[in-house]
Amino acid sequence: MKGLNKFKHLSHLKLMIGRFNPRKHEECYLLEKLNQHCAKLKGEELSDFIDVALHNQIVIQTLNPLFFNSNQYFISKGRGQNLPIKLILGGFAKFCEINAKGINHFYRLRKKIEALVLDADYLEALNTIGEIESNFGKSFWLVDVKINILYRLNNNSLLEDYIKQLNSDGISHISTLIDRKYKANSLKVYYRQVLGDLLLEYRSNDHGKYADFLSLLLVPEFIDQPIGTTDFIIFSQQLSPIDRLVFTQKVLVNSMANENCNETLSKDILNFASRLSLIVEHEGWNNLVNFAQSNFEPRICTKTRNIIEQYSSGNYPEVIKLCKDHLDTKPVDLSILDIYVRSIIFANDEEEVESIGKFPNRLRNQILVTLIYVLDSVNNFELQTATFENIFFFYLNFEFTVSIRPMFYAAYPVESGDELRRASIELFCSEYQITPKYIRRLSGNDNSFYLTDSLLSESKVTVSRQLRFSLEEELRKGCASKSTVNELLNNLVDQVDVLKSEYWCLWYRAKKETNQFESILKEVADKLIENYNNKHFFPLKEITYELESNRESIC
């Protein structure tokens with residue numbers, strides 16, 4: 001039967017292709033016919049037809065008409081056919097296979113740009129942008145990154161010339177939004193004054209797919225509504241190859257992080273990511289597959305393993321030295337910055353802080369200083385949160401932000417549990433290292449950072465970590481002793497190498513799991529009277545809900 005079905009599908013396909021006359025029909029004719037035929041099929045029959053179609057060279061060329069050096073930002077709008085996702089992604093996977101050498105070259109150049117930007121070498125970054133443009137043609141990703149760099153260079157003449165060039169290319173409706181993005185003071189101001197109402201208008205007038213693309217290009221997901229995965233994949237048929245490659249990967253990772261895929265879509269995404277993992281030199285594709293298959297394993301190199309062991313044993317001066325050496329060899333992977341910063345705080349190393357502050361123009365140093373401030377004092381939370389949000393905003397189309405987002409959300413975990421989990425998923429699906437601390441966030445059912453793992457089983461750990469391990473073990477029993485828990489908490493609060501945000505997060509969980517709600521209410525009230533910023537230590541909404549639900553028993 002399968003042979004007969006294949007013959008039938010081949011016959012239909014040859015009939016469609018045979019009727020296609022390039023002189024008579026527009027370029028989207030074959031896509032329209034494919035769409036009409038696919039609409040008549042369902043289930044396995046549809047899947048079999050797509051398999052047949054993806055072995056036809058004319059179909060592949062029709063699905064992917066541009067080479068990398070295209071001078072087009074958008075292909076014909078008629079290409080936004082509601083074709084099956086399997087067909088769209090399968091056709092693009094074929095394109096990537098044919099152009100694997102070019103894709104790998106693009107990935108290498110992109111990584112080089114990110115390292116240069118982090119080190120504030122903007123002129124060389126601009127030269128590398130030029131190399132990408134000459135090799136891979138036009139893309140909105142490139143426009144955003146180039147305008148970003150031109151603003152960092154503070155060269156008005158170059159910037160004005162480039163904006164004029166973009167206007168002459170006929171994309172002023174997007175380039176103006178990108179330009180205004182880098183003129184804005186902050187993410188919230190930009191969204192409120194420039195983008196938010198515009199996206200609402202587009203979505204209200206049946207241009208939701210275009211609005212989603214603008215949102216994806218211009219702002220972090222947390223300030224706008226989630227992007228529809230299926231809608232974007234359909235829209236992506238209109239994009240140039242580089243935009244399609246970059247933004248498809250981003251959307252697929254987001255769909256995993258937000259768990260908004262049905263079974264069929266998840267299967268199509270997994271098949272596409274699996275094929276690209278075998279084709280291109282970007283480990284993010286393989287890691288996306290691992291996430292979909294729940295293969296949650298830490299990714300750390302030998303140097304990072306040594307750093308974690310030294311950190312856990314309390315050798316903070318040595319950790320600072322090792323982190324600096326590591327960042328010199330892997331300048332784009334910032335996943336160890338939180339260990340670096342915590343070691344500076346625990347060692348009270350003011351000289352290291354001064355050393356970082358000597359080069360304030362370097363983005364990596366700005367991130368370090370911001371992280372020091374936010375971890376060192378709860379009074380800095382509001383200001384530094386805005387600073388981090390702006391980093392995520394202005395460097396949205398740089399991959400390195402994926403490696404720092406989890407550490408920001410982990411600074412005050414009771415404030416951002418859901419965001420921390422999504423950021424950990426994004427980190428897992430990237431090329432960067434991910435430590436056991438964030439691996440435990442992937443399953444969504446572990447509120448702890450402190451469970452003993454095999455990485456540290458042979459290591460000598462500090463007293464604070466021994467106390468945290470003991471507390472975790474006690475809580476895992478399910479019938480923890482109040483007196484034991486309280487004794488461990490009392491000993492832990494005196495340790496110098498535990499952050500207040502960590503301590504109070506663990507304190508609340510321990511008190512809650514041992515039914516000490518009156519103690520929670522008293523302590524939280526005292527802390528809020530002492531300093532209202534202490535609210536960031538506690539899940540106030542959860543406490544309020546518990547209070548309302550158990551008012552009679554508490555009173």
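**Close-up views of a predicted model**

**View 1. T304 in helix α17.** T304 is found in helix α17, which spans residues 302-312. The structure shown here and in the other views is a predicted model. T304 has a relative accessibility of 1% and therefore counts as buried. Beyond its neighbours within four places in sequence, T304 is in contact with H326, I336 and Q433.

**View 2. K324 in helix α18.** Helix α18 covers residues 316-329 and contains K324. Is K324 buried or exposed? With a relative accessible area of 33%, K324 is partly exposed, because a residue must be under 20% to count as buried and over 50% to count as exposed. When residues up to four places away in sequence are not counted, K324 touches Y340 and E352. K324 and Y340 are 16 residues apart in sequence, and their C-alpha atoms are 8.1 Å apart in space.

**View 3. Helix α19 and its buried residues.** Helix α19 runs over residues 337-347 and is mostly covered, with 10 of its 11 residues buried. The buried residues in α19 are L337, D338, I339, Y340, V341, R342, S343, I344, I345 and F346. L337 is also one of the two residues with the most contacts inside the largest nonpolar core, the other being F400. That core has 179 residues. Outside a window of four places in sequence, the contacts of L337 are L327, I367, L368, L371, I404 and M407.

**View 4. N348 after helix α19, and S294 after helix α16.** N348 comes just after α19 and takes a positive phi of about 50°. N348 is found in the loop between α19 and α20, the latter covering residues 350-357. At a relative accessible area of 57%, N348 is exposed. A second residue with a positive phi is S294, with a value near 60° in a residue other than glycine. S294 has its place in the loop between α16, residues 283-292, and α17. Most residues other than glycine have a negative phi.

**View 5. Packing of helices α21 and α22.** Helix α21 comprises residues 363-376 and helix α22 residues 381-394. Their axes come within 9 Å and cross at roughly 150°. How are α21 and α22 oriented to each other? They are roughly antiparallel, because the angle falls in the class of those over 145 degrees. The crossing of these two helices, α21 and α22, is left-handed. On the α21 side the contact is made by I367, T370, L371, Y373 and V374, and on the α22 side by F381, Q384, T387, F388 and I391. Sorted by type, the residues of this contact are 7 nonpolar, 3 polar and no charged. Two of the α21 residues, I367 and L371, are also among the contacts of L337.

**View 6. Packing of helices α14 and α15.** Helix α14, residues 241-258, packs against helix α15, residues 263-279, at an angle of about 130°, with the axes 12 Å apart. The two helices, α14 and α15, are therefore oblique to each other. The crossing in which α14 passes α15 is left-handed. From α14, the residues L245, T248, L252, S255 and M256 meet I269, F272 and L276 of α15. The contact of α14 with α15 involves 6 nonpolar and 2 polar residues, and no charged ones.

**View 7. F92 in helix α5.** F92 has its place in helix α5, residues 85-98. A relative accessibility of 4% means that F92 counts as buried. Leaving aside its neighbours within four places in sequence, F92 is in contact with N64, P241, R244, L245 and F272. L245 and F272 also take part in the meeting of α14 with α15. Between F92 and S175, which are 83 residues apart along the chain, the C-alpha separation is 26 Å.

**View 8. L217 in helix α12.** L217 lies in helix α12, which covers residues 208-218. With 0% relative accessibility, L217 counts as buried. Apart from its neighbours within four places in sequence, L217 is in contact with F140, D144, I174, I178, K181, F247, L396 and N397. L217 and K477 are 260 residues apart in sequence, and the distance from C-alpha to C-alpha is 47 Å.

Technical notes
Residues numbered from 1 in each chain as written. Predicted model: local features only at pLDDT ≥ 70, side-chain atom pairs only at ≥ 80, totals over all residues. Heavy atoms only, no water. Helix = DSSP H or I, 4+ residues; strand = E, 2+ residues; numbered from the N terminus. Buried < 20%, exposed > 50% of the residue type's maximum accessible area, 1.4 Å probe, protein only. Contact = heavy atoms within 4.5 Å. Axes fitted to C-alpha atoms, helices over the stretch in contact; angles between N-to-C directions. Parallel < 35°, antiparallel > 145°, perpendicular 65-115°, else oblique. Left-handed = near helix turned anticlockwise from the far one by under 90°. Nonpolar A, V, L, I, M, F, W, Y, C, P; charged D, E, K, R; others polar. Core = buried A, V, L, I, M, F, W, Y, C linked by side-chain atoms within 4.5 Å.
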